[in-house]
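Thank you all for coming; I would like to walk you through one structure this morning, slowly and with the terms explained as we go. Please have a look at the sequence and the structure before I begin.

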Amino acid sequence: MPELPDVEAVRCDLQRSLVGATVRAAQCADARLARPGSPSAFARVLVGRTFEQVVRRGKWLRLDLDDGARVFSHLGMTGGWRQVAIDAPPLRFERARIDVGRHGRASSLRYVDSRRFGRLIAGRKDIADWMALGPDPLVEGIDDRRLFEAFAKRRRAVKEILMDQRVIAGVGNILATEALWVARIDPRSPGNALLPVHARAIAKAIQRAIAREFANRSRKGDGPADSFYVYGRAGKPCPRCGARLSSVDLGGRTSAFCRRCQILRRR
DNA sequence: CGGCATGTTGCGCA
DNA sequence: TTGCGCAACATGCC
């Protein structure tokens with residue numbers, strides 16, 4: 001359920017169901033999710049407090065409470081929040097719950113995560129992972145110059161640099177794959193082979209890829225949309241030029257791309 | 001059974 | 001200190 005557009009949709013949902021709600025009970029049953037931190041801190045920090053806002057940066061969510069406490073939530077690969085009735089039985093793969101009351105009505109938020117790659121950390125100050133995030137395309141926007149400089153000092157593949165959360169927050173395998181196709185740049189191109197004009201094209205392409213995923217989402221339900229330009233479509237025709245799409249492994253992640261219209265830059 | 005998956009971390013090495 | 005390359009994490013699904 002990851003990638004920036006998905007997390008932004010979760011932020012909107014949580015914002016709607018949580019702001020002004022007071023926590024009656026909370027529990028995080030999984031120590032793995034709490035790192036760094038302890039699962040027992042979860043209830044101690046939350047109970048009795050009222051949610052004020054839900055903020056997102058990259059793939060991280062921060063739930064702010066009225067006394068300065070905060071909860072960080074990263075959905076990993078398979079995490080998600082569900083709002084259910086207060087007396088609903090545990091969901092499949094439920095790892096944590098927050099029971100709240102608002103306007104006299106009780107409900108329960110459940111965190112589900114089959115693979116447990118997600119994180120759930122309650123505390124009183126920002127965590128290092130949050131502070132290390134680079135600019136978010138929707139919050140601060142992408143600075144072309146900064147992006148160019150991030151490329152210029154690395155020789156690894158441009159796609160791997162794009163997925164570094166310190167460079168741009170929220171770009172994952174799907175967005176990086178899609179954006180490089182839009183920008184017509186081969187994902188294997190070394191970062192230090194790119195020019196400022198390429199950084200500008202990639203910045204615009206990321207915004208376009210995000211907009212497209214929002215459009216996909218509004219037509220469909222939850223989960224990843226499958227109407228991508230090239231992600232997951234290796235072997236099929238390029239939607240732009242018709243050539244057969246290729247596949248390459250970069251940093252352990254699969255990338256689909258078009259050898260004909262995505263140009264490989266070299267130094 | 002084998003292979004793949006929207007993400008991040010930790011380790012050894014240069 | 002920074003960058004690089006990988007294995008590892010845990011589980012579902014095809």
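Glu8 forms a salt bridge with Arg11, with their closest N and O atoms 3.2 Å apart, and by salt bridge I mean a side-chain nitrogen of Lys or Arg within 4 Å of a carboxyl oxygen of Asp or Glu. Glu8 and Arg11 are separated by about one helical turn because they are three residues apart in helix α1, residues 4–18, where a helix is a DSSP run of H or I of at least four residues, numbered from the N terminus. By this rule the count comes to 21 salt bridges.

I should say early that this is a predicted model, in which local features need pLDDT of at least 70 and side-chain atom pairs count only at pLDDT 80 or more, while totals for chains, interfaces and linings use all residues. Residues are numbered from 1 along each chain as its sequence is written, chains are lettered from A and ligands numbered from 1 in the order in which they are written, and side-chain values use heavy atoms, leaving out hydrogens and water.

Let me turn to the domains. Chain A is divided into domain 1 (4–131) and domain 2 (144–257), with bounds that come from an automatic or database domain assignment. How much area is buried between domain 1 and domain 2? It is about 790 Å², of which carbon and sulfur atoms give 63%, buried area being the accessible area (1.4 Å probe) that two parts lose on being put together, summed over both. Leu4, Pro5 and Lys59 supply 58% of the area that domain 1 buries against domain 2, more than any other three residues. Across this interface the rule finds zero salt bridges.

Now to the DNA. The residues around DNA strand C, meaning those with a heavy atom within 4 Å of it, include Arg32, Phe93, Ser114 and Lys153. Of the strand C atoms within 4 Å of the protein, 67% belong to sugar or phosphate, and the rest belong to bases.

Which atoms of strand C lie by the side chains of Arg115 and Arg116? For Arg115, a base nitrogen of strand C is 2.2 Å from a side-chain N or O atom, whereas for Arg116 a phosphate oxygen is 2.6 Å from a side-chain N or O atom. Arg155 uses its backbone, an N or O atom of which lies 3.0 Å from a phosphate oxygen of strand C.

Notes: Polar contact = N/O pair within 3.5 Å; in protein donor to acceptor, adjacent residues only side chain to side chain. Helix = DSSP H or I, 4+ residues; strand = E, 2+ residues; numbered from the N terminus.
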